[in-house]
Amino acid sequence: RNDIMAFELPPLPYEKTAFGDLISEETFNYHHGKHHNAYVSKTNDAIKGTDHEGKKLSEIIEVADGGLFNNAAQVWNHSFYWLCLSPEKKEISGELKDRLEKTFGSIDDFKSKFKDEATGHFASGWAWLVLDGDELKITSYHDADTPVAHGVKPLFTLDVWEHAYYLDYQNARPDYVSALLDNAVDWDFVALNMDGDGVSRADQG
Ligand code: FE2
């Protein structure tokens, strides 16, 4: 068949200059234009002529291992990450605020725990807020690993691979995590994911 759509690099939902110094245009050029794009190309190369052609990205992530898992999971993770960010500062409100306070004590306690997880995660990976059943949890996964493979609902993520922050923050991962968490998260998107299916937000195919 030649009518099967290949996976595509999703366009950023904002201008690459929209975050000013928080996330530079150069970081977007590399992170979205080079890294994310390469994961898309490698996923398409790996599935060409296999039974995976025509499947959804999430369906591939659920069954693949090795290089295909890593590339497909990184396509999904990055697509979701871009949607978690907002160049306009937003506040945590409504049901999300209530549930974060109930689970973690206060919004400051939630942010502090998330910063600890994201900063303390050894080497490459992703820090997550997920719903595990009805329970809000902060966790992190190594390398390309993703909630899509673990049956928990993704609500919010920060990429803690060095390529996410090195150009703007050098090795100061805590500064990157704090700057984004306090100024650049789309909490409305995070709130939507509590009721919706977080996986489908960044799925393709
Ligand atoms: Fe990344």
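# A tour of aromatic pairs, a histidine and two helices

In this predicted model, the count of aromatic pairs, taken over ring centres within 6.5 Å of each other, comes to 18. Begin by selecting Tyr14 and Phe19, whose ring centres lie 4.9 Å apart with the planes at 85°, so that the pair is edge-to-face. With the two side chains on display, consider their surroundings as well: Tyr14 has a relative accessible area of 12% and is buried, and Phe19, with a relative accessible area of 5%, is buried too.

Keep Tyr14 selected and add Phe28. The centres of the rings of Tyr14 and Phe28 are 5.8 Å apart and their planes stand at 55°, so this pair counts as tilted. Following the chain from one ring to the other, you pass from Tyr14, in the segment before α1 (25-47), to Phe28, in helix α1, and because the two are 14 residues apart, the pair links distant parts of the chain. Both Tyr14 and Phe28 are buried.

Now widen the selection to the cluster that ring pairs build up, in which Tyr14, Phe19 and Phe28 are linked with Trp76, Phe80, Tyr81, Trp82, Trp126, Trp128 and Phe189.

The next stop is His163, which you will find in helix α6, a helix that covers residues 162-169. Is His163 buried or exposed? Its relative accessibility is 17%, and since the limit for a buried residue is under 20%, His163 counts as buried. Show the side chain of His31 beside the side chain of His163, and a polar contact of 3.1 Å appears between them; add His35, and its side chain makes a polar contact of 3.4 Å with the side chain of His163. To complete the view, select the contacts of His163 beyond its neighbours within four places in sequence, which are His31, His35, Tyr39 and His78.

Finally, turn to the helices α4 (residues 94-104) and α8 (residues 187-195), which pack with their axes 9 Å apart and at an angle of about 80°. That angle makes α4 roughly perpendicular to α8. Which residues of the two helices make the contact? On the α4 side, select Glu95, Leu96 and Arg99, and on the α8 side Trp187, Val190, Ala191, Met194 and Asp195. Coloured by class, this contact of α4 with α8 shows 5 nonpolar and 3 charged residues, with no polar ones.

Technical notes
Residues are numbered from 1 along each chain as its sequence is written. This is a predicted model: local features need pLDDT of at least 70, side-chain atom pairs count only at pLDDT 80 or more; totals for chains, interfaces and linings use all residues. Side-chain values use heavy atoms; hydrogens and water are left out. Axes are lines fitted to C-alpha atoms, for helices over the stretch in contact, and angles run from 0 to 180 degrees between N-to-C directions. Helices (H or I, at least four residues) and strands (E, at least two) are DSSP runs, numbered from the N terminus. Angles under 35 degrees count as roughly parallel, over 145 as roughly antiparallel, 65 to 115 as roughly perpendicular and the rest as oblique. Contact means heavy atoms within 4.5 Å. Ala, Val, Leu, Ile, Met, Phe, Trp, Tyr, Cys and Pro count as nonpolar, Asp, Glu, Lys and Arg as charged, and the others, Gly among them, as polar. Buried means under 20% relative accessible area, exposed over 50%, partly exposed in between (1.4 Å probe, protein chains only). A polar contact is a pair of N or O atoms within 3.5 Å; within protein, one must be able to donate a hydrogen and the other to accept it, and residues adjacent in sequence count only if both atoms are side-chain atoms. Rings of Phe, Tyr and Trp (its six-membered ring) pair if their centres lie within 6.5 Å; planes under 30 degrees apart count as stacked, over 60 as edge-to-face and the rest as tilted.
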